[in-house]
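Here are a few exercises to work through with the model open beside you. Try each task before reading its solution.

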Amino acid sequence: YAIDRETMLNNIFRGLGELQNSQIAPQSPYSAEPNLPVYDFDVAKARELLLSAGFSYEGNQLVDADGNRVRFTLQTNVGNDIREAAGAQIKQNLALIGITVDFQPIDFNKLITLIGDSLKWDAIVLGFGAGEEPNSSANLWLADGGLHFFNQQPQGAPPLPGREIYPWEQQISDLYVQAAQELDETKRKALYVQTQELVQENLPFIHLVGQYSMSAVRDKIENVQYTALGGTLWNIYELKITQD
């Protein structure tokens, strides 16, 4: 509730996108939007939830039950203007509820190594997606997947002592496996709908904005048919060039 995604959409993306509430894009046939939980910008609601969870305020600073200031580092890859702007806005937004964010854009390769091989990071702004088949991003959602960044087990490292898989986390993992094995499209979609509901209820990731995909084609090209998933060359065998 503390992230103003509407302002992010208008200021950073110039309105050329949609608020995203799922790990599966809204134009996908497997999308469960608009029937998913949504967390619109509401500072009062955010403060209310924090207080109900045992946090309190010392002046304008949020502290935990032991009196520690709530502060974390947010990282993204340097040079990506959109992600850098999003990180800067998140820092400003969370300051409104007393959370201090140390925003730190770093080299992309260093970032990937950091989050892939260690536990020495707090939060990141990145973009993830799948193609037409949602299971192509299963590595994010399988409990032991290589990109499973929440409740993370670094790849190639010894099992973390005391690591427990949450029931909802295991359920998402199992659903992705089931969906990969299901050939009936109606049943398949129902499985992916369940994953989206669980993700939005438990929020291992906070989805921000889905950017529109845009293409420019010269007016001498005929029979261009834009697709919902983006792209202009899927029917390249039907494209024709007019002669002036």
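A crossing of two helices is called left-handed if the near helix is turned anticlockwise from the far one by less than a right angle, and right-handed if it is turned clockwise. Keep in mind that this is a predicted model.

**Exercise 1. Get your bearings**

Task: find how many helices and strands the protein chain has, and what share of its residues is buried.

Solution. Start with the secondary structure: the protein chain has seven helices and nine strands. Next, look at the extent of the C-alpha trace, which spans about 75 × 40 × 35 Å along its principal axes. Finally, of the 244 residues in the protein chain, 34% are buried.

**Exercise 2. Two helices side by side**

Task: describe how helix H6 and helix H7 cross, and work out which residues meet there.

Solution. First, locate helix H6 at residues 167-181 and helix H7 at residues 185-202. Their axes come within 9 Å and cross at roughly 160°. Angles over 145 degrees count as roughly antiparallel, so that is the relation between H6 and H7. Now for the hand: H6 passes H7 in a left-handed crossing. Then turn to the contact itself. From H6, the residues include Trp168, Leu175 and Tyr176; from H7, they include Arg188, Tyr192 and Leu198. Sorted by class, the contact of H6 with H7 has 10 nonpolar, five polar and one charged residues.

**Exercise 3. Classify two ring pairs**

Task: decide whether the pair Tyr30 and Tyr192 is stacked or edge-to-face, then do the same for Phe150 and Trp168.

Solution. The structure holds 12 aromatic pairs. For Tyr30 and Tyr192, the ring centres are 5.3 Å apart and the planes stand at 70°, so this pair is edge-to-face. Tyr30 sits in the loop between strand E1 and helix H2, and Tyr192 in helix H7, so the pair ties together parts 162 residues apart in sequence. Both Tyr30 and Tyr192 are buried.

For Phe150 and Trp168, the centres are 5.9 Å apart and the planes at 10°, so this pair is stacked. Phe150 belongs to the loop between helix H5 and H6, while Trp168 belongs to helix H6, 18 residues apart. To settle burial, recall that buried means under 20% relative accessible area: Phe150 is buried at 11%, and Trp168 is buried at 19%.

**Exercise 4. Join the rings**

Task: which residues do ring pairs link into a cluster?

Solution. Begin with the residues you have just met: Tyr30, Phe150, Trp168 and Tyr192 are among the members. Then add Trp121, Phe128, Trp141, Phe149, Tyr166, Tyr176 and Phe205 to complete the cluster.

Key. Residues are numbered from 1 along each chain as its sequence is written. This is a predicted model: local features need pLDDT of at least 70, side-chain atom pairs count only at pLDDT 80 or more; totals for chains, interfaces and linings use all residues. Side-chain values use heavy atoms; hydrogens and water are left out. Axes are lines fitted to C-alpha atoms, for helices over the stretch in contact, and angles run from 0 to 180 degrees between N-to-C directions. Helices (H or I, at least four residues) and strands (E, at least two) are DSSP runs, numbered from the N terminus. Angles under 35 degrees count as roughly parallel, over 145 as roughly antiparallel, 65 to 115 as roughly perpendicular and the rest as oblique. Contact means heavy atoms within 4.5 Å. Ala, Val, Leu, Ile, Met, Phe, Trp, Tyr, Cys and Pro count as nonpolar, Asp, Glu, Lys and Arg as charged, and the others, Gly among them, as polar. Rings of Phe, Tyr and Trp (its six-membered ring) pair if their centres lie within 6.5 Å; planes under 30 degrees apart count as stacked, over 60 as edge-to-face and the rest as tilted. Buried means under 20% relative accessible area, exposed over 50%, partly exposed in between (1.4 Å probe, protein chains only).
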